[in-house]
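User: I've just opened this one and don't know my way around yet. Could you walk me through it?

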Amino acid sequence: MLASVCTIVYIGVVTALLDDGMFGFHIWDLVVGDLRNSSFLLVLIIEAIWGPFIWFIKLSVFLMYLQLFHPFPWARRMAWLGITVTGLFYFSVTVARIALCAPRGGDSYIEAFSTARCHSTKKVGIASGSFNVVSDIFLLALPVPCVWKLRLKRKQKMGVIAGFMTGISALISSILGLWFRVINDNEVDDTWNITPIYLALVVEMACGIAFLVGPSIASVAKRHGLDVSTCVKRINDDDGLCGRFIRMTSFGGESRTLGKQHWHGHKASADSDIKLRSTTTDSATIDEVNSQRKY
């Protein structure tokens, strides 16, 4: 829950920054009036909250691992080690960024961000991006040996591991974020270059949340009979939740559609009616002809 709130708040602040009219444009396309203290304040807020927020997401993943792999003592130790190391690193990075870019001695935010001291945070960003990639790889690799030791068939083990590998999307996002930081290290077009970095961080956090809620969604769906295999088998079942769901979403309402079995039944009934009407018509025609012959 906390990780989801953090992600929503972070996305909101980044959206406010990119909608402010300064970032997302090349610096040579801006005039002096476009540089506002409020925009740089938002940058400082983003830099300050990113460390704790990304740690809360990874903390949630580690806590999930502690519950899932409780029978493995070494996995518990590795999870607690990951919680401790990532927490210390991300909070240290946050303190460093605030200390280097916060205004001093009555300076404005524009003046503070223009100093060489604040520009040195690019190196801090590369270091944090590198650590982010390493920690994501650690999170992806930790469940593999645990799953491999379970008493499951090889195919089942591969399926479970593939489920954990859905988190690779977050790893790809963190790699992209690191790549953007590295290639823009010596660039001065910060108002433009900062945009893809923040977008990559937003995608990474969103992918982390998706990874966390995936098992819960699957559990709820299975509890209500909405898993994929059940849906495929129960499409014809009018009383099943899955069949109603598919028909309602496909045709706009349950009352406007019929199940496949009922459809065949109504079709057969309709065919019978048509044949009966045809037979009745033919009989009426023959009687009429015979009556005319009599006269």
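Analyst: Sure, here's a run of questions and answers, and keep in mind that this is a predicted model.

User: Let's start with the fold: how many helices and how many strands are there in the protein?

Analyst: Reading along the sequence, you meet one α after another. No β turns up in that pattern, α-α-α-α-α-α-α-α-α-α-α-α-α. The tally is 13 helices and 0 strands.

User: What percentage of the 295 residues is buried?

Analyst: A residue counts as buried when its relative accessible area is under 20%. Going by that cut-off, the buried part of the 295 residues is 37%.

User: And what about the outside: what share of the accessible surface belongs to carbon and sulfur atoms?

Analyst: The accessible surface of the protein is about 17,500 Å². Carbon and sulfur atoms hold a share of 67%.

User: Among contacts with a separation of 6 or more, what share is between residues 24 or more positions apart?

Analyst: A contact here is a pair with heavy atoms within 4.5 Å. Take those with a separation of 6 or more, then pick out the pairs 24 or more positions apart, and you get 68%.

User: Which helix gives the most residues to the largest nonpolar core?

Analyst: That core has 53 residues, and Y10, Y65, F69 and Y198 touch the most other members. Helices supplying at least two residues each are α1 (2-18), α2, α3 (73-101), α6, α7 (143-148), α8 (154-164) and α10. With 17 residues, the top contributor is α2.

User: Which residues does Y198 contact, leaving aside neighbours within four places in sequence?

Analyst: Y198 is one of the residues touching the most other members of the largest core. Skip the sequence neighbours within four places, and its contacts are Y10, V14, L17, V43, I46 and E47.

User: How many residues are in the second, separate core?

Analyst: V133, L140, L171 and L178 are among its members. Altogether, this second core has 5 residues.

User: Now for the holes: what is the volume of the largest cavity?

Analyst: The structure has 2 cavities of 30 Å³ or more. For the largest of them, the volume is about 160 Å³.

User: Which helix gives the largest share of the lining of that largest cavity?

Analyst: The lining has 14 residues, with V61, D136, L139, A170 and G208 nearest the centre. The elements giving two or more residues are α2 (37-68), α6 (121-141) and α10 (190-223). By type, the lining splits into 9 nonpolar, 2 polar and 3 charged residues. The largest share, 5 residues, comes from α2.

User: And which helix gives the largest share of the lining of the second largest cavity?

Analyst: This cavity has a volume of about 40 Å³, and its lining includes W50, S128, N132, R181 and E204. The lining divides into 3 nonpolar, 5 polar and 2 charged residues. At least two residues come from each of α6, α9 (168-183) and α10. The largest share, 4 residues, comes from α9.

User: One last residue: is T94 buried or exposed?

Analyst: T94 sits in helix α3. Leaving aside neighbours within four places in sequence, T94 touches A48, G51 and P52. Its relative accessibility is 8%, so T94 counts as buried.

Technical notes. Residues numbered from 1 in each chain as written. Predicted model: local features only at pLDDT ≥ 70, side-chain atom pairs only at ≥ 80, totals over all residues. Heavy atoms only, no water. Buried < 20%, exposed > 50% of the residue type's maximum accessible area, 1.4 Å probe, protein only. Areas by Shrake-Rupley, 256 points an atom, 1.4 Å probe, with all protein chains shown as cover. 1 Å grid on protein atoms, 1.4 Å probe; cavity = no way out; pocket = protein on both sides within 12 Å on 5 of 7 lines; lining within 4 Å. Points joined across faces, edges and corners; volume = space filled by probe spheres on them. Nonpolar A, V, L, I, M, F, W, Y, C, P; charged D, E, K, R; others polar. Core = buried A, V, L, I, M, F, W, Y, C linked by side-chain atoms within 4.5 Å.
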